[in-house]
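Biologist: I keep meeting labels such as buried or stacked. Show me the model, and let us test each label against its cut-off.

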Amino acid sequence: MTILLDMKGWDPHPWIAAIKRADPERQVVTAVAQENASAIRYAWVWRPRTGILSNLPNLELIVNLGAGVDALLADATIPTHVPIVRALDPNITMRMTEWIVLQVLYHHRHIPAYLEQQRQRIWRALPQPAASAVTVGILGCGALGTSAGVALRHVGFEVIGWSRTAKEETRFKVFAGGDCLPSFLGQTDILVCLLPLTPETRGVLSYGLFRQLKRGGALAGPVLVNAGRGAQQIDADILRALDDGTLWAASLDVFDPEPLALTSQLWAHPRAFVTPHIAADSEPEAMSGYVIKQIRRHEQGLPLDMTVDRGRGY
Ligand SMILES: NC(=O)c1ccc[n+]([C@@H]2O[C@H](COP(=O)([O-])OP(=O)(O)OC[C@H]3O[C@@H](n4cnc5c(N)ncnc54)[C@H](OP(=O)(O)O)[C@@H]3O)[C@@H](O)[C@H]2O)c1
């Protein structure tokens, strides 16, 4: 029941130590060799090396060590008969919720303007709308979008969401499908993107979409917050929208490609806030404990959480 660990750009040592703490009997390898290939049952991966999973005769489960599976599904060498699960533990969900709430409050409570006033030693109160006067619209109401939306409601914001399919039970109003998108956008002051990257969501954050956001709301203008994937946003459209007032401000955690090019105008734009894809990092200790529990469920024949639907792309 050996685990293969393959993670691009991540140090495997804290992960190996965390797996050993969660399950001391489990063997962990970081390379495939003739002697260990047939022992490997589980692959824990983040952007794995191309081809590494293609010749493992007894592979039972691929665990993607993050919420987004776009990079994994783009690899044509991944065996199609092996199920994929996303490792989405409460720790990563909470980290994303923190980052989204932080960005929404950052713009709602005028933090950029007050930082500038402090630099200039200006003592001046700016008009402050109540949170209840501001509607946050969340594109993507899955695990992360729902958690962020619930937290934002606790802070007092109006929250609405948008998903692909209609929901029977939701914690806030969720619009479903492309036909409802204009209505959702027309009510949204702060747009939060937590969509997975699929062919349908690539480039969705465009100038045309920003123009449909609510005008004349409680804030100086619409705000964009993107923590989904960089390929969902068109950087040139964001800059154009910030410059002509279609957007008042933007908080961006994801870019395509990453790191964000040194020449990008987003770095220095006065109303763009840029972070280096840190909204919700996978933390070895918390995630290993969660994934080991999932593997034990699998070994007992119980259903797994967060199974990826390859046809849907998330
Ligand atoms: N920046 C970071 O550090 C970071 C960290 C973790 C994750 N992420 C990103 O966050 C994304 C979301 O994660 P999650 O766990 O919340 O995903 P999830 O549970 O799979 O939820 C995805 C949501 O998006 C909706 N959706 C998908 N395609 C759509 C479409 N074409 N039109 C409308 N709605 C669509 C889904 O609709 P249905 O409910 O109808 O299926 C669902 O509500 C990940 O894929 C990843 O890209 C970023």
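**Labels and their cut-offs**

Modeller: Start with Asn58, which sits in the loop between strand 3 and strand 4 (61-64). Keep in mind that this is a predicted model.

Biologist: Why is Asn58 called partly exposed?

Modeller: Its relative accessibility is 32%. Buried means under 20%, and exposed means over 50%. Asn58 falls in between, so it counts as partly exposed.

Biologist: How far is Asn58 from Tyr42, in sequence and in space?

Modeller: They are 16 residues apart in sequence. From C-alpha to C-alpha, the distance is 8.7 Å.

Biologist: Now Asn36. What makes Asn36 count as buried or exposed?

Modeller: Asn36 lies in the loop between strand 2 (28-29) and strand 3. Its relative accessibility is 17%. The limit for buried is under 20%, so Asn36 is buried.

Biologist: Which backbone atoms does the side chain of Asn36 reach?

Modeller: One is the backbone oxygen of Ala31, at 3.0 Å. Another is the backbone nitrogen of Ala33, at 2.8 Å. The cut-off for a polar contact is 3.5 Å. Both distances are within it, so both are polar contacts.

Biologist: On to the cysteines. How many disulfides are there?

Modeller: The count comes to zero. Take Cys141: the nearest cysteine sulfur belongs to Cys193 and is 11 Å away. A disulfide needs two sulfurs within 2.5 Å, so Cys141 is in no disulfide.

Biologist: How do you know that Cys180 is in no disulfide?

Modeller: The nearest cysteine sulfur to that of Cys180 is that of Cys141, 12 Å away. The limit is 2.5 Å, so this is no disulfide.

Biologist: Which of these two cysteines is buried, and which is partly exposed?

Modeller: Cys141 has a relative accessible area of 9%. That is under 20%, so Cys141 is buried. Cys180 has 28%, between 20% and 50%, so Cys180 is partly exposed.

Biologist: Let us turn to the rings. How many aromatic pairs does the structure hold?

Modeller: It holds four. One of them joins Trp10 and Trp46.

Biologist: What makes the pair of Trp10 and Trp46 stacked?

Modeller: The ring centres are 5.4 Å apart, and the limit for a pair is 6.5 Å. The planes differ by 15°. Under 30 degrees counts as stacked, so this pair is stacked.

Biologist: Where in the chain do the two partners sit?

Modeller: Trp10 is in the loop between strand 1 (2-7) and helix 1 (12-22). Trp46 is in strand 3 (residues 40-46). The pair links distant parts of the chain, 36 residues apart. Ring pairs also link Trp10, Trp15 and Trp46 into a cluster.

Biologist: Why do Trp10 and Trp46 get different burial labels?

Modeller: Trp10 has a relative accessible area of 26%, so it is partly exposed. Trp46 has 13%, under the 20% limit, so it is buried.

Biologist: Why is the pair of Phe175 and Phe184 called edge-to-face?

Modeller: Their ring centres are 5.9 Å apart and their planes meet at 65°. Over 60 degrees counts as edge-to-face, so that label fits. Both Phe175 and Phe184 are buried.

Biologist: And the ligand? Which backbone atoms make polar contacts with its oxygen atoms?

Modeller: Among them is a polar backbone atom of Gly142, 3.2 Å from a ligand oxygen. For Ala143, a backbone N or O atom lies at 3.0 Å. For Leu144, the distance is 2.9 Å. The cut-off is 3.5 Å, so each of these is a polar contact.

Biologist: How much of the ligand does the protein bury?

Modeller: Taken alone, the ligand exposes 940 Å². The protein buries 93% of that. The shell has 29 residues. They divide into 15 nonpolar, eight polar and six charged.

Biologist: Last, the backbone. What is notable about phi of His110?

Modeller: Phi of His110 is near 60°, a positive value in a residue other than glycine. His110 is in the loop between helix 3 (90-108) and helix 4 (111-119). Its relative accessibility is 12%, under 20%, so His110 is buried.

Biologist: Which peptide bonds are cis?

Modeller: One runs from Asp256 to Pro257, with omega near 0°. Another runs from Glu258 to Pro259, also with omega near 0°.

Note on methods:
Residues numbered from 1 in each chain as written. Predicted model: local features only at pLDDT ≥ 70, side-chain atom pairs only at ≥ 80, totals over all residues. Heavy atoms only, no water. Buried < 20%, exposed > 50% of the residue type's maximum accessible area, 1.4 Å probe, protein only. Near = heavy atom within 4 Å. Polar contact = N/O pair within 3.5 Å; in protein donor to acceptor, adjacent residues only side chain to side chain. Areas by Shrake-Rupley, 256 points an atom, 1.4 Å probe, with all protein chains shown as cover. Nonpolar A, V, L, I, M, F, W, Y, C, P; charged D, E, K, R; others polar. Phe/Tyr/Trp six-rings, centres within 6.5 Å; stacked < 30°, edge-to-face > 60°. Helix = DSSP H or I, 4+ residues; strand = E, 2+ residues; numbered from the N terminus.
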